[in-house]
Amino acid sequence: MRLSELTTRRIVLVGAFVLVFGATTVAFAQAASGHLAAIHAPNADVTVVDYEVTDDGLLDVTLRVHNPTVRAIAVPVAQMNAYVDGEQVSDGTTTRLDGVAVGSGATRNVTVPLDLREGGAERLASADAGQVSVEGQLKGKVGSETVYVSLDGAEGGE
């Protein structure tokens, strides 16, 4: 009977080792893929594709965001300003975005409303598209890591 007890103990011990090893491997792989995605998130493409002055005096800037990483990028904050011939026409740089995320390998359009300074709407209405630029970045999250993604192509088209 002693031999069967040892065999049972060994089986339980080996089973526990395999279980702990497997759980550790899964946890490490998830953490590593999240960290790797956070490292590559600044390579996401963020391009201004359109802008429009709304009836309520805001500037709606439409961005095309492409996420090349293996994890979704949540985008809770946009930090950007609009300019006409180098002069800032937007008021304030931080806009909160609710529930915006771009999935792994996905491309999504995101509209960011910007407050305008006094006279900003008129300046934008009379400007050619080549005179208008938008600069800034998106502050995002990949898992628990904060990432910053700069806007590409500062010019927009109307």
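In strand E4, Gln88 is the bridge partner of Tyr83, and E3 and E4 are joined by 2 bridges in an antiparallel arrangement, where strands are taken to pair if DSSP finds at least two bridges between them. Helices (H or I, at least four residues) and strands (E, at least two) are DSSP runs, numbered from the N terminus. The hairpin formed by E3 and E4 has 2 residues between the strands, and within this hairpin Asp85 adopts a positive phi near 50°. The model is a predicted one, in which local features need pLDDT of at least 70 and side-chain atom pairs count only at pLDDT 80 or more, whereas totals for chains, interfaces and linings use all residues. Residues are numbered from 1 along each chain as its sequence is written, and side-chain values use heavy atoms, with hydrogens and water left out.

Strand E3 (residues 73-84) has further partners besides E4. With strand E8 (residues 132-142), E3 pairs in the antiparallel sense over 9 bridges, and Val84 is placed opposite Val132 of E8. Strand E5 (residues 94-96) is likewise antiparallel to E3, the two pairing over 3 bridges, with Arg96 of E5 standing opposite Val77. Strand E6 (residues 101-102) is connected to E3 by 2 bridges, again antiparallel, and Val102 in E6 is the bridge partner of Ile73. Of the 12 residues of E3, 9 are buried, so the strand is largely enclosed by the rest of the structure; here buried means under 20% relative accessible area, exposed over 50%, and partly exposed in between (1.4 Å probe, protein chains only).

The structure holds 1 salt bridge, defined as a side-chain nitrogen of Lys or Arg within 4 Å of a carboxyl oxygen of Asp or Glu. This salt bridge is formed by Glu87 and Arg123, whose closest N and O atoms are 2.9 Å apart. Because Glu87 lies in strand E4 (residues 87-88) and Arg123 in helix H2 (residues 120-126), the pair ties together parts that are 36 residues apart in sequence. Glu87 has a relative accessibility of 46% and therefore counts as partly exposed, and Arg123, with a relative accessible area of 27%, is also partly exposed.

A second hairpin is formed by strands E1 (residues 45-53) and E2 (residues 58-66), which pair in the antiparallel sense over 8 bridges. Within this pairing, Thr47 is found opposite Arg64 in E2. There are 4 residues between the two strands of the hairpin, in which Gly57 takes a positive phi near 80°.

Towards the C-terminal part of the sequence, Ser150 belongs to strand E9 (residues 145-150) and, with a relative accessibility of 44%, counts as partly exposed. When neighbours within four places in sequence are left aside, Ser150 is in contact with Val46, Gly136 and Gln137, contact being defined as heavy atoms within 4.5 Å. Although Ser150 and Gln137 are 13 residues apart along the chain, a distance of 4.1 Å separates their C-alpha atoms.

On the surface, Val14, Phe17 and Val18 make a nonpolar patch of about 320 Å². Patches are made of residues with over 30% relative accessible area and no salt bridge, like charges being joined within 9 Å and nonpolar side chains (Val, Leu, Ile, Met, Phe, Trp, Tyr) within 5 Å. Val18 is located in helix H1 (residues 2-40), and its relative accessibility of 51% places Val18 in the exposed class.

Taken as a whole, the chain has 2 helices and 9 strands, and their order along the sequence is α-β-β-β-β-β-β-β-α-β-β. Of the 158 residues in the chain, 30% are buried. Among the contacts with a separation of 6 or more, 66% involve residues 24 or more positions apart. The accessible surface amounts to about 9400 Å², 55% of which belongs to carbon and sulfur atoms; such areas come from the Shrake-Rupley method with a 1.4 Å probe, and for residues only the protein chains shown count as cover. The average pLDDT, the predictor's confidence in each residue on a scale from 0 to 100, is 80 for the chain, and 78% of the residues score at least 70. Over residues 153-158, by contrast, the pLDDT is below 50, although this stretch has 21 contacts in the model beyond near neighbours in sequence.
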